[in-house]
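Q: Please take a close look at a single part of this chain and then connect that part to the rest of the fold. I would like the criteria behind each term to be given along the way.

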Amino acid sequence: MTHSPTARPRVVVTTTASVDGRVAPARGQRLLDPAVGERWRHPWPPDVTALLESRRQWVARTHRPTLTLEGSGSFVGDGRHSPWAGTAPAGRVADHLPRRAPRWFGVVDGRGRVDWSYTGDEETALLVLGCRATPSGYLARLRELGVGYLVTDGSRVDLREALVRLRDLLGVQTVVADGGGGLTGALLRAGLVDELHVVTVPMLVGGLGTPSVVDGPPLGPCDIPVRLRLVHEERGSHGSRWSHFEVVP
């Protein structure tokens, strides 16, 4: 089913990258790991913190987002399989929304790979986006934890369908996608990115296969790159910069 852009929330991508577009030191190294995060931030000059805060305040003031979206790769390695792997649920699976919250922390996890210890707090509720192939044992585990989930049709999470239902069921008007290049790449290929905010740090990472701002499948032989329009740019005193782009339809 095709939906008009107004039928889904606005998607705002935020990321922090090196000059060569890398968003992590190497593949398989997650920034949530304290040692990896410390190595990643070690070369940052003093102006990065102020630019990140300026970006956060601008997005919050302009869009008032109620859902932040991440991919499961932010929490588990590429090779991790679901502890609940098994038969997928038969037939249509009902969504599970045990609570309402002012804000949501959404995670795309169609394979059921993340064993959650964080389930939210008084202000923010965890919400998992799954699909018809998500293991039934994983969904049962989420129900035990009191974690909500939405299940889209198909063998992979249909991001467009998920966004439309986030708007219809929860009233979400803006989603901030703050995951890695895999999530950004999936959103981009589905035509779901509206804005991109990149804080570029004056450092180089390199490395074949190192995660970048946009990962995922390459352009097809007849596809063209997505055109961006620079809306605003703010430069720090040590060479860092925050660039705000809009996708040109």
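A: The part chosen here is helix 5, whose buried residues pack against strand 1 (10-18), strand 2 (67-71), strand 3 (103-108), helix 4 (159-170) and strand 6 (174-177). Helices (H or I, at least four residues) and strands (E, at least two) are DSSP runs numbered from the N terminus, and contact means heavy atoms within 4.5 Å. This is a predicted model, in which local features need pLDDT of at least 70 and side-chain atom pairs count only at pLDDT 80 or more, while totals for chains, interfaces and linings use all residues. Residues are numbered from 1 along each chain as its sequence is written, and side-chain values use heavy atoms, with hydrogens and water left out.

Helix 5 covers residues 181-189, and its buried residues are G181, L183, T184, G185 and L187; buried means under 20% relative accessible area, exposed over 50%, and partly exposed in between, with a 1.4 Å probe and protein chains only. After the helix comes G191, which has a positive phi near 70 degrees.

One of these residues, L187, also belongs to the largest nonpolar core, where L67, L127, L129, L166 and L187 touch the most other members out of 30 residues. At least two residues of this core are supplied by each of strand 1, strand 2, strand 3, strand 4 (124-131), helix 4, strand 6, helix 5 and strand 7, and helix 4 gives the largest share, 5 residues. A nonpolar core is a set of buried Ala, Val, Leu, Ile, Met, Phe, Trp, Tyr and Cys residues joined through side-chain atoms within 4.5 Å. In soluble globular proteins, nonpolar side chains tend to be buried together.

Strand 7 (residues 195-201) holds H197, which counts as buried because its relative accessible area is 0%. Apart from neighbours within four places in sequence, H197 is in contact with V12, V13, T14, T15, R55, W58, V59, W242, S243 and H244. Among these partners, V59 lies in helix 2 (residues 47-63) and, at 5% relative accessibility, is buried as well. With the same sequence neighbours left aside, the contacts of V59 are R64, P65, V176 and H197. By contrast, the C-alpha atoms of V59 and L97, which are 38 residues apart along the chain, are separated by 27 Å.

R64 sits in the loop between helix 2 and strand 2 and counts as exposed, because its relative accessibility is 66%. Its phi is positive, about 45 degrees, although R64 is not a glycine. Most residues other than glycine have a negative phi.

As for the whole chain, there are 5 helices and 9 strands, running from the N terminus as β-α-α-β-β-β-α-β-α-β-α-β-β-β. Of the 249 residues, 43% count as buried, and residues 24 or more positions apart account for 72% of the contacts with a separation of 6 or more. The radius of gyration is 18 Å, which agrees with the value near 18 Å for a compact globule of 249 residues; the radius is taken over C-alpha atoms, and the globule rule is 2.2 Å times the number of residues to the power 0.38. Along its principal axes, the C-alpha trace spans about 55 × 45 × 40 Å.
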